[in-house]
Structures are given as structure tokens and as C-alpha cells.
Amino acid sequence: MYVDGVFSGGGVKAFAYLGALEVLEENQIEFKRLAGTSAGALVAALVTAGYTANELEHIFQDLHPKELLDESPWFKKVPFLKWLNIYFRMGIYRGDKLEEWLTELLWKKGIHTFADIEEDQLHIIGTDLTNGRITVFPNDLHNYYGIDPTTFPVARAVRISVSIPYFFQPVILPTKSRYRSVLVDGGVLSNFPYWIFKPEENQSSERPVLGVKLSSSDAYIDKAIPARTIDNALNMLDGLFQTLIRAHDARYISNEDAKNIIFIPIDQVNATDFHLDEDEKNYLLNLGRSKAKAFLKKRGYLE
């Protein structure tokens, strides 16, 4: 069975996707098109490249996420330098190691630029802070940035999508105007781009759309954003991001849509916990498996 798939952001929580993918493969559910934000974009790119769930599990089991953080050795000696990096470079970590790691993985499957992928097969979500808009790669490259999509590396698009503000340094792209665009994590404006495959009004979908989301089922569906205490600048910044992330996507997810989404609620692991141990990895993998099995059983695919 072919479906179009959408993966949400969630940082290192995305280890849970590997367990869900394993169950979907076992039940002959294949992805025709994929879209993703942040960690979901990374998984979507690797699946599009042809990696199986088993291959991905071996890759990520051997991976120590902290190895993807290009931290200056001076940070440990002079911690204040981290704050200078945030001020002058707008992020602690460059993100180069992550991009290089992904570039190598994609190369092994013959993928470098979007020219190596079928048109409309992969959609990566970023946030253009300069212009205050969602950027969809590769669709928007030519119209907004004057860049030929066939020359743009897939790994660079994913690198943009995972650039958690202040954690990873943003990516700067030229534009057709005199301004340069500062691009960061797609989750700032759309952490779960389920909307990207929704048909126009009075039109039907060519295939079912299957979403996989790293949160509980009531995070969006007819629920108000939970009240939070905001009594300082950091709390306000966190509140701003959470409001932006929820507000856009909530417009596009109905109770009917929720029937086609595998929800994987994860509270024990933080998105930026790049020091996961083996027990935490296995916890996430098993959680992804169990939630995918429960979803398929509810939908009648499993007995």
C-alpha cells in the first residue's frame, strides 16, 4: 500500500520514528511522497534516499548524537564564549558536522542535490526569519532565492530545517532583493506540515496521507494551548516559540485527520538531549513500534 508520509519535528526524540518505520515496512506500507520538519525532515530524506528501517536502526544505534555537535574546545575552558557565539553567530553549534554526516549517508544512495530525487517526492520545511514565511524545499528555491533546485544539496535543506534557534547557527541564503535571508528550524512556523499533501477543496487525494507525530493526540485537536507561567524573558521566548509552532499547524489538523496520524507522546526525553544513552534509544525505538502497532490494529491492518 502506498501512502504520502509526514513527519513532525522533535529533535533526538526522532529515534522513535525508526521503530514506527519498522512496523510500517513489516505491513507493506510504503511511502510515495514524504514531507518533514526538523528531525522529521532528516528521516524523510533518508527514507526517500532508499534506506530501510533496518538500515536506519543500525545507523542510529551506532550514532552518538553529541558527535553531531561541532563544539569549540574553548567552550569548556571559557563557557562565556557560548554566549558570544549566540550573539555574533546566532547559535552555539555550527551544524556543519550534522550536514557532513547526512551528506555522506545520502551519497551512499546516490543522492546529492534535488536533481537526484523525483519531482514532488520530498518536501523539507524551513523558516525564513528575514521574510517571516515558511520555506518549502525545493519548491521555493527558484522563486524566492533565485537558486536552481537541481544544484541545491538535499543535506543543506535538512540542515536548515533542523537549525533549532540559538542551538544551531542559522543558514544564510541570498535572495532576489538586496537582503539576505536568515533561515532556521521549520518548526518555528510549521512543526508538523500535514497541510502540504492536503488536496484543494472539492478535490480528492491520490493516496492516503499518513502522519507520524512526536506528541500526544490532544496536542492540537480541538485543544487550547496550555497556560504557562511567563515571568521573565526566557519564559517569554519559550512561550513565543511554542505558540508559533502550535498555532499554524492547528489550523490544518481536524479530528478526521487525526485518524490518519500515529501519535507518539514522549515526555521523558528532551528534543535537544544529544547525550542519549542506549537505554533511552531503546525506549524510543520500542515506543515507536508500540504506537505504530496500536495505530495499525485500530485501523484494521493488524489482528
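This is a guided tour of a predicted model, going from the whole chain to a pocket, its aromatic rings and a few backbone details.

**The whole chain**

Begin with the full chain in cartoon view, where eleven helices and ten strands can be traced. Colouring by accessibility shows that buried residues make up 51% of the 303 residues. If you then display contacts between residues at least 6 apart in sequence, 76% of them join residues that are at least 24 apart.

**The second largest pocket**

Next, select Y2, E30, F31, K32 and V47, which lie nearest the centre of the second largest pocket, among the 20 residues that line it. Three elements each give two or more residues to this lining, namely α1 (15-26), β2 (30-37) and α2 (39-49). Of these, β2 supplies the largest share, with five residues. The pocket has a volume of about 400 Å³, and its lining divides into nine nonpolar, five polar and six charged residues.

Keep F31 selected and add F7 and Y17, since ring pairs link F7, Y17 and F31 into a cluster. F31 is thus a residue to view twice, once among those nearest the pocket centre and once as a member of the ring cluster.

While this region is on screen, move to the loop between α1 and β2 and select Q28. The phi angle of Q28 is near 55°, a positive value in a residue other than glycine. Q28 counts as exposed because its relative accessibility is 53%, where the cut-off for exposed is over 50%.

**Aromatic pairs and charges over rings**

A search of the whole structure finds six aromatic pairs. To view one of them, select F60 and W101, whose rings meet edge-to-face, with 5.7 Å from centre to centre and 85° between the planes. This pair links distant parts of the chain, as F60 belongs to helix α3 (residues 53-61) and W101 to helix α6 (residues 96-107), 41 residues apart. Are these two rings buried or exposed? F60 counts as buried because its relative accessibility is 10%, under the 20% cut-off, and W101 also counts as buried, at 17%.

Two lysines can then be shown together with the rings they cover. K109 lies over the face of Y51, at 4.7 Å from the ring centre. Selecting K213 and F192 gives the other example, in which K213 lies over the face of F192, at 5.7 Å from the ring centre.

**A loop after α6**

From helix α6, follow the chain into the loop between α6 and β4 (122-128), where D120 is found. D120 has a phi near 70°, which is again a positive value in a residue other than glycine. At 36% relative accessibility, D120 counts as partly exposed, because this value falls between the cut-offs of 20% and 50%.

**A cis peptide bond and a covered helix**

Now select F137 and P138 and display the backbone atoms, because the peptide bond that joins them is cis, with omega at about 5°. P138 sits in the loop between β5 (133-137) and α7 (141-145).

End the tour at helix α8 (residues 154-161), which is mostly covered, with seven of its eight residues buried. The buried residues to select in α8 are V154, A155, A157, V158, R159, I160 and S161, and R159 may be worth displaying with its side chain, as one of the residues of α8 that are buried.

Technical notes. Residues numbered from 1 in each chain as written. Predicted model: local features only at pLDDT ≥ 70, side-chain atom pairs only at ≥ 80, totals over all residues. Heavy atoms only, no water. 1 Å grid on protein atoms, 1.4 Å probe; cavity = no way out; pocket = protein on both sides within 12 Å on 5 of 7 lines; lining within 4 Å. Points joined across faces, edges and corners; volume = space filled by probe spheres on them. Helix = DSSP H or I, 4+ residues; strand = E, 2+ residues; numbered from the N terminus. Nonpolar A, V, L, I, M, F, W, Y, C, P; charged D, E, K, R; others polar. Phe/Tyr/Trp six-rings, centres within 6.5 Å; stacked < 30°, edge-to-face > 60°. Buried < 20%, exposed > 50% of the residue type's maximum accessible area, 1.4 Å probe, protein only. Lys NZ or Arg CZ within 6 Å of the ring centre and 35° of its normal. Contact = heavy atoms within 4.5 Å.
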